[in-house]
Amino acid sequence: MTASVTRRGAGLALLAVALGLAALPGCGGSTPNAPAEKKDEKKDDGKPAPKADDKKGAAPTAPAADLKTTLGPVEPDAEKAAAAFLNDLGQGSAKADALSPALLDAAGKPWEFDDEKANKLSPKAAEQWLRAVGAGRSFSLSLDRKQAGDVVYFRGALQPAGVYSLRLVKLGGAWKVDWLSLSSAELKPGAAAATADEAFQEFAVSAFAEVLADATAMQRGLRAPPLARGLVPALRPVWAPPFDGDKAQGYDYSPGKLALKAIELGGGTSALSVTKAGDATFAVAFTKPAGTKTVTVKLVKGTAPGEWLVSEVSEKG
């Protein structure tokens with residue numbers, strides 16, 4: 001009898017426990033109450049969530065480096081484009097469509113046929129210039145290369161002697177050659193540039209000065225396109241006023257006079273150095289048999305990324 005009562009009491013106790021569990025949230029068949037708050041979840045304090053800044057986009061984050069103004073290593077696609085161009089250049093098969101519109105405009109002269117005059121462009125002339133400049137040359141791996149945004153430059157050695165300067169810009173997703181020059185003059189190393197603008201300014205001055213100082217890397221008649229590419233348009237006719245025949249062929253300057261101007265400034269140079277002398281201003285020292293000739297070169301920013309053009313050259317003595 002005692003055992004029966006004990007079992008009955010135990011059964012009632014289990015029933016009470018079951019009924020108690022059924023009353024807890026999430027258990028049993030009845031609709032659960034609101035779930036208990038978790039310690040790791042934020043409570044709704046009734047305040048609206050912070051809105052994104054419409055001018056800056058979505059969530060405020062730590063500012064990232066501006067790739068357009070930060071110098072860094074050259075991306076693989078730019079490396080491949082430069083290597084392919086230099087290979088074609090050395091084989092004499094470089095095409096006009098590898099050039100940017102600005103360099104194509106500088107090299108795509110003279111205009112000899114009606115369609116060239118109508119289009120104000122001669123791809124044939126540009127390709128002839130490329131063959132004359134590079135065919136048979138051997139271009140080593142570049143010793144100096146930098147990229148900022150969609151602009152990259154390379155400086156390397158020619159074989160058996162000399163140097164080359166190459167700048168590429170990304171246009172419509174494709175890398176295009178925006179500057180090409182060769183020189184027999186030795187450029188002495190200078191201080192490292194701290195910013196992208198400084199690096200591209202130094203490249204513009206150095207490459208331009210190397211063409212002024214060149215003696216054997218490019219024939220005299222081949223120097224006009226890079227010189228014209230490096231000058232602001234207004235300075236070209238000042239340095240080399242065009243003849244009527246030059247104008248008829250698309251030039252706003254005289255190629256022959258421009259080559260002579262280059263010799264006047266840099267002829268006989270064995271080595272040169274470039275030193276920053278102010279805001280977008282550089283001192284270029286040409287080492288010549290009779291001594292050192294120093295000129296001041298001023299630049300202005302062009303319309304294309306990484307483009308700096310020579311606006312003034314004055315002798316210091």
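In this predicted model, Y153, F200 and F203 come together as one aromatic cluster. Across the whole structure, a search turns up 5 aromatic pairs. One of these joins F139 and Y164, whose ring centres are 5.5 Å apart and whose planes meet at 85°; an angle over 60 degrees counts as edge-to-face, so that is how this pair is classed. The pair links distant parts of the chain, since F139 sits in strand β1 (residues 138-148) and Y164 in strand β3 (residues 163-171), with 25 residues separating them. Both F139 and Y164 are buried.

Aromatic rings also meet charged side chains here. K257 is placed over the face of F243, at 4.2 Å from the ring centre. Similarly, K261 lies over the face of W239, and in this case the distance to the ring centre is 5.5 Å.

W239 leads on to the nonpolar interior. In soluble globular proteins, nonpolar side chains tend to be buried together. The largest nonpolar core of this model contains 74 residues, and W239 is among those with the most contacts inside it, along with F85, L166, L180, L258 and V284. The element that gives the most to this core is helix α6 (residues 196-213), with 12 residues. L166 offers a helpful view of the packing: leaving aside residues up to four places away in sequence, L166 touches A82, F85, L86, V152, Y153, F154, V177, W179, L180 and F203. Two of the residues in that list, Y153 and F203, belong to the aromatic cluster described at the outset.

The strands around Y164 can be followed next. Strand β2 (residues 151-159) runs antiparallel to β3, and 7 bridges join the two. Within this pairing, V151 stands opposite V169 of β3. β2 and β3 form a hairpin with 3 residues between them, and G162 in the turn has a positive phi of about 110°. On to the next strand, β3 pairs with β4 in the antiparallel sense over 9 bridges. Here the bridge partner of Y164 is L182 in β4. β3 and β4 likewise form a hairpin, with 2 residues between them, and the turn holds G172, which has a positive phi of about 60°.

Strand β4 (residues 174-183) also holds S181. With a relative accessible area of 1%, S181 falls under the 20% limit and is therefore buried. The side chain of S181 makes a polar contact with the side chain of W179, at 2.8 Å. Setting aside residues up to four places away in sequence, S181 touches V163, Y164, S165, A207, V211, M218 and P226. The buried Y164 of the edge-to-face pair is thus one of the neighbours of S181.

A contrasting position is R220, found in the loop between α6 and α7 (224-230). R220 has a relative accessible area of 46%, which lies between 20% and 50%, so this residue is partly exposed. R220 touches A259, L260 and I263, again without counting residues up to four places away in sequence. R220 and A262 are 42 residues apart in sequence, while their C-alpha atoms are 9.3 Å apart in space.

For the protein chain overall, the secondary structure comes to 10 helices and 9 strands. Of its 317 residues, 39% count as buried. Among contacts between residues at least 6 apart in sequence, 52% join residues at least 24 apart.

Notes: Residues numbered from 1 in each chain as written. Predicted model: local features only at pLDDT ≥ 70, side-chain atom pairs only at ≥ 80, totals over all residues. Heavy atoms only, no water. Phe/Tyr/Trp six-rings, centres within 6.5 Å; stacked < 30°, edge-to-face > 60°. Helix = DSSP H or I, 4+ residues; strand = E, 2+ residues; numbered from the N terminus. Buried < 20%, exposed > 50% of the residue type's maximum accessible area, 1.4 Å probe, protein only. Lys NZ or Arg CZ within 6 Å of the ring centre and 35° of its normal. Core = buried A, V, L, I, M, F, W, Y, C linked by side-chain atoms within 4.5 Å. Contact = heavy atoms within 4.5 Å. Polar contact = N/O pair within 3.5 Å; in protein donor to acceptor, adjacent residues only side chain to side chain. Pairing = 2+ DSSP bridges.
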